[in-house]
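User: Could you take a close look at one part of this model, the metal site together with the ligand beside it, and describe how the protein holds each of them?

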Amino acid sequence: MTIDYARSALIIVDVQNDFCPGGALGVESGDDVILPLNRLSFKFAENGGRVIATQDWHPRGHISFETWPEHCVMGSRGAEFHEKLDLKPVNLIIRKGFRPELDSYSAFFENDRKTSTGLAGFLKSLSIDQVLIGGLATDYCVLYTALDAATLGLKTIVLKDAVRGVGIPEGSIEKALKQLEEAGVLLIDSADIR
Ligand code: VGL
Ligand code: ZN
């Protein structure tokens, strides 16, 4: 697939220590997403495409910790990007889930589905109409980011080799992939991006 880089953005979702193996909410083989994402983000940078990275960024005592183990506490080592993720091509970092009573899976809207992170406006102001999404986790933050992107009318691609899922509850990854397909999201291998 050939990309119109001027009108496209790569969104790297939550490639943070706590979502990688050994982290508080470690995703199996989560660090496998880093190599394809680094390759693609350089390709975007070389061709004038925008690269956005998100960080799950929770204060202590955040409402998310009623559902999940404590993770991505703002300023902690677990909340830092994985050290192998190359940040040089990244133009914008979006931090989400920082309001104590409101969780945020999507890079676009927090879980009340109303509170914006600002990302939609950023893309709109740059006339970007296509997003490519990779990162963690397939069945939560990647899923909700991609569904919101599609709802916003953006051409939405999920990079199937550059995502990994939590798999809780069982079957959630398969369910997420099905939801993405039903929403018209394309699933593409990052090596097929030109
Ligand atoms: C995520 C659970 C809680 C994610 C974030 O990045 O997918 N999952 N917070
Ligand atoms: Zn979280």
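Analyst: What follows goes through the metal site and then the surroundings of the other ligand. The model is a predicted one, and every value below is computed from it.

The zinc ion (ligand 2) takes its protein donors from Asp56 through OD, from His58 through NE2 and from His71 through NE2, at distances of 1.9 to 2.2 Å. Along the sequence these donor residues follow the spacing D-x1-H-x12-H, and of them Asp56 and His58 are both buried. The site has four donor atoms, and the angles among them run from 88 to 167°. Four donors count as tetrahedral only if all angles lie between 85 and 135 degrees, and the site of the zinc ion is therefore classed as irregular, its angles reaching 167°.

Turning to ligand 1, the residues around it include Asp56 and His71, which are also among the protein donors of the zinc ion. The other residues around ligand 1 are Asp14, Phe19, Leu25, Trp68, Tyr105, Leu136, Ala137, Tyr140 and Cys141. Among the polar approaches, a polar side-chain atom of Asp14 lies 2.7 Å from an oxygen atom of ligand 1, while a polar side-chain atom of Asp56 lies 3.1 Å from a nitrogen atom of ligand 1. Cys141 takes part through its backbone, a polar atom of which is 3.0 Å from an oxygen atom of ligand 1. Of the 260 Å² that ligand 1 exposes when taken alone, the protein buries 100%, and the place that ligand 1 occupies is the largest cavity.

Methods:
Residues numbered from 1 in each chain as written. Chains lettered and ligands numbered in written order. Predicted model: local features only at pLDDT ≥ 70, side-chain atom pairs only at ≥ 80, totals over all residues. Heavy atoms only, no water. Donors = N, O, S within 2.8 Å, 3.2 Å for Na, K, Ca; no water. Tetrahedral: all angles 85-135°; square planar, octahedral: opposite > 155°, others 65-115°. Buried < 20%, exposed > 50% of the residue type's maximum accessible area, 1.4 Å probe, protein only. Near = heavy atom within 4 Å. Polar contact = N/O pair within 3.5 Å; in protein donor to acceptor, adjacent residues only side chain to side chain. Areas by Shrake-Rupley, 256 points an atom, 1.4 Å probe, with all protein chains shown as cover. 1 Å grid on protein atoms, 1.4 Å probe; cavity = no way out; pocket = protein on both sides within 12 Å on 5 of 7 lines; lining within 4 Å. Sits in = over half its atoms within 2 Å of the grid points.
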